[in-house]
Amino acid sequence: MSLKVVNRKSPEGNMSVDLRTTLGSLLLPTPVLTASGCAGSGKELSAFFDLSEIGAIVTKSIMQNPRSGRATPRMAETPSGMLNSIGLQGPGVEKFMNEDVPWLAQTGARIIVSIAGNSVEDFARTAARVRRAGDVVSAIEVNISCPNVSNRGLVFACDPISASEVIRAVRRSVGGLFPIFAKLSPDVTDIVSVAKSCVDAGATGLAMINTLLGLVIDTKTMRPKVAGITGGLSGPAIRPVGVRAVWQVHAALPKVPIIGMGGIMSGADAFEYILAGASAVSIGTATFHDPTAALRIQNELSNLLAERGFTALKEAIAYGHRAADEEVGQ
Amino acid sequence: MATASSPLQVRGEVISLKRVGEYYQMAIAAPGIAERAKPGQFVALAVGGEPTSMLLRRAFSIYAADERGVFGGTIEIVFARQGIGTKWLSQLPSHSSVDIVGPLGNPFPIPASPLKTLLIGGGYGSAPLFSLAEVLRTRGCRVEMFLGAATGERLFGIVEGRRAASQLTLVTEDGSVGLRGRVTDHLDELMTRTQTELIYACGPMGMLQAISVFAKERSVPAQCLVEEEMACGIGVCMTCVLPIRGDDGVIRMTRTCVAGPSFDGDTILWEEIGSIPSGTLGAEDLG
């Protein structure tokens, strides 16, 4: 690794930081994205900020057919977090591609479509339908790690072989170099081995982490709080888990672009992920708390990068991994 | 895209907070939100200060909106101290800053012709009914109001109700104030006497269900303002859904925040709340 020469002093004046980032062949103007499932298909958030101002909108994971999702209650607040059990409610890929994506495209936002499936074939068919839209869609996130499925054995990301089968099928389905990102679960013994098998199967990069499987019991009713019994835990409570996962995978696969997420509430939180090795970050639960979170975090990140003496985001990616004697320009 | 009726996110200021029976009534200077608010809409407040360990916004019906308050546009909400979020709100000193998003959801639909209306509120669920009464009266509707609660302390808006409605009826389960019993025990008599043509109701889900069923038997439409747990209030989290039958006959898990919060009671599958009714769009594909 080459030495990074960084001016550690705060820059004078309004120096703007170059926020551009690359994820494989995908060039984005900023590294701040929404997280799938936390921004719908963008329409609701557009009342609060211009969607084209952030890096990209990652849409709610879409499946082949319409899906009702789970019964209510679907949510429980937890300390610095929340447990959700939505169950991938959605209109199905056909309606989504015909209605939601064209609307989002005319806002000028870059679009990353998240897909989910019950089987390898499901993923492949849904990916093919998304790809048919052409360049309107910038990339596909392959959500192989949603915990809200009835059979936990079907969480593809919990097994390197299942994960690679899905990614290989999606890669075949979309062809060539179209960027696809495998969304990984932290609920595994060795996330690096799952990451490796996804990359070997053709993933451009990795999106991590999905929620952690959790359970909340209501002490008044003395039953699980959400109808799905278990749910996915998100929010700042899980941030150290996400940062650790990004760190480990970046250390093992330094050339593979990572979209880091899990509990990012501020620019400093996003910066942690960048330092751990993420080339971009996704804002999820923070949006429920603050509808303008993504844009606010982007501004905070830019200011913080400038404060730490970086002129470009790219200089900061994985900077946390530098050797002890790599401090230069202090 | 942001439009003139889009919700806003503003930094509000607590103007006043007072105990009203078992509830709290809070006035918040919220410039822009008060000017846009219509009866039946709600606001979503961030709680716990900054940073907070309570990430989910708390949603409250707008009780009153005054475009020209002393401190600029002001909205008022009513809440019960039920959990850690509302406990935090109940302890906020005057002039505290609160992050507030609104107005959210759709206003109550207002009939095109003057009708005899009955407004029913359970507990502090009555909060959005007083501003509704004003609008209905300006449209020439007759407004009867019926407020019920477990005890007198849990009735909200007796004074406001006397002012807003041509006639106010009260009912408490313990009989301490007004009639004894539940709202639905006296609904038959009240509807007959007032020749009700349209009901608006807001309160606990059980009460709304009972009113809805009762009104349907008499072919009177009932607009029910529902309260499902929400995480965001703006339509992205998908937690506040109810099984609702659309105009096309299809049952969908429908977001109450953006499609509601008030619905024709007849379209809600009350018995099936807490399950996915068979025939719901996409139910067969649930893995």
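Here is a chat between a visitor and a guide about this predicted model.

Visitor: Let's start where the two chains meet. How many residues does each chain bring to the contact?
Guide: Two sides take part here, one from chain B and one from chain A. Chain B gives 36 residues, and the number from chain A is 40 residues.

Visitor: And which classes do the residues on chain B's side fall into?
Guide: Take the side of chain B that touches chain A and sort its residues by class. There are 4 charged and 10 polar ones, and the nonpolar count is 22.

Visitor: Now chain B by itself. Which domains is it divided into?
Guide: Walk along the chain from residue 8 and you are in domain 1, which runs over 8-104. Next comes domain 2 at 108-225, and then domain 3 at 229-287.

Visitor: How many residues do domain 1 and domain 2 of chain B put into their contact?
Guide: The C-alpha centres of these two domains of chain B lie 24 Å apart. In the contact, domain 2 of chain B supplies 12 residues, while domain 1 of chain B supplies 13 residues.

Visitor: Which strands supply at least two residues each on the domain 1 side?
Guide: The side of domain 1 of chain B that touches domain 2 of chain B has 9 nonpolar, 3 polar and 1 charged residues. Two strands each give at least two residues to that side: strand E5 (64-69) and strand E6 (72-80) of chain B.

Visitor: Staying with that pair, what is the bridge partner of Asp66(B) in E6(B)?
Guide: E5(B) and E6(B) pair in the antiparallel sense over 4 bridges. A hairpin joins them through 2 residues. Look across from Asp66(B) into E6(B), and its bridge partner is Thr74(B).

Visitor: Which residue takes a positive phi in the hairpin of E1(B) and E2(B)?
Guide: Strand E1 (residues 8-20) of chain B is joined to strand E2 (residues 23-29) of chain B by 7 bridges, and the two run antiparallel. One of the bridge pairs is Val20(B) with Tyr23(B). The hairpin has 2 residues between the strands, and the one with a positive phi, near 60°, is Gly21(B).

Visitor: E1(B) also pairs with E7(B), I see. Which residue of E7(B) stands opposite Gly12(B)?
Guide: E1(B) and E7(B) pair in the antiparallel sense over 6 bridges. Find Gly12(B) and look across to E7(B): the residue opposite is Val98(B).

Visitor: Which strands stand at the edges of the 7-strand sheet in chain B?
Guide: This open sheet has mixed pairing, in the order E11-E10-E9-E8-E12-E13-E16 (chain B). An edge strand has a single partner strand, so one side of it is left without a neighbour in the sheet. Here the edges are strand E11 (179-180) and strand E16 (262-264) of chain B.

Visitor: Do any details of E9(B) stand out, say what sits opposite Glu144(B) in E10(B)? Which residue is it?
Guide: Strand E9 (residues 142-149) and strand E10 (residues 167-172) of chain B run parallel, joined by 6 bridges. Opposite Glu144(B), in E10(B), stands Gln167(B).

Visitor: Where in chain B are the cis peptide bonds at Pro51(B) and Pro103(B) placed?
Guide: Most peptide bonds are trans. Glu50(B) and Pro51(B) are joined by a cis one with omega of about -10°, and the bond from Gly102(B) to Pro103(B) is cis too, with omega near -10°. Pro51(B) lies in the loop between strand E3 (42-45) and strand E4 (58-61) of chain B, and Pro103(B) lies in strand E7 (residues 97-104) of chain B.

Visitor: Over to chain A. Are H5(A) and H6(A) roughly parallel or roughly antiparallel?
Guide: Helix H5 (residues 239-252) and helix H6 (residues 267-276) of chain A have their axes 8 Å apart and pack at an angle of about 20°. Their crossing is right-handed. Among the contact residues are Trp247(A) of H5(A) and Tyr273(A) of H6(A). Angles under 35 degrees count as roughly parallel, so H5(A) and H6(A) are roughly parallel.

Visitor: One last stop: what is the bridge partner of Leu212(A) in E14(A)?
Guide: A 4-strand open sheet in chain A has the order E5-E6-E14-E11, with antiparallel pairing. Strand E11 (212-215) of chain A is one of its edge strands, and 4 bridges join E11(A) to strand E14 (residues 230-234) of chain A. Across from Leu212(A), the partner is Leu233(A).

Technical notes:
Residues are numbered from 1 along each chain as its sequence is written. Chains are lettered from A and ligands numbered from 1 in the order in which they are written. This is a predicted model: local features need pLDDT of at least 70, side-chain atom pairs count only at pLDDT 80 or more; totals for chains, interfaces and linings use all residues. Two residues are in contact if their C-beta atoms, placed from the backbone, lie within 7 Å. Ala, Val, Leu, Ile, Met, Phe, Trp, Tyr, Cys and Pro count as nonpolar, Asp, Glu, Lys and Arg as charged, and the others, Gly among them, as polar. Domain bounds come from an automatic or database domain assignment. Axes are lines fitted to C-alpha atoms, for helices over the stretch in contact, and angles run from 0 to 180 degrees between N-to-C directions. Angles under 35 degrees count as roughly parallel, over 145 as roughly antiparallel, 65 to 115 as roughly perpendicular and the rest as oblique. A crossing is left-handed if the near helix is turned anticlockwise from the far one by less than a right angle, and right-handed if clockwise. Two strands pair if DSSP finds at least two bridges between them.
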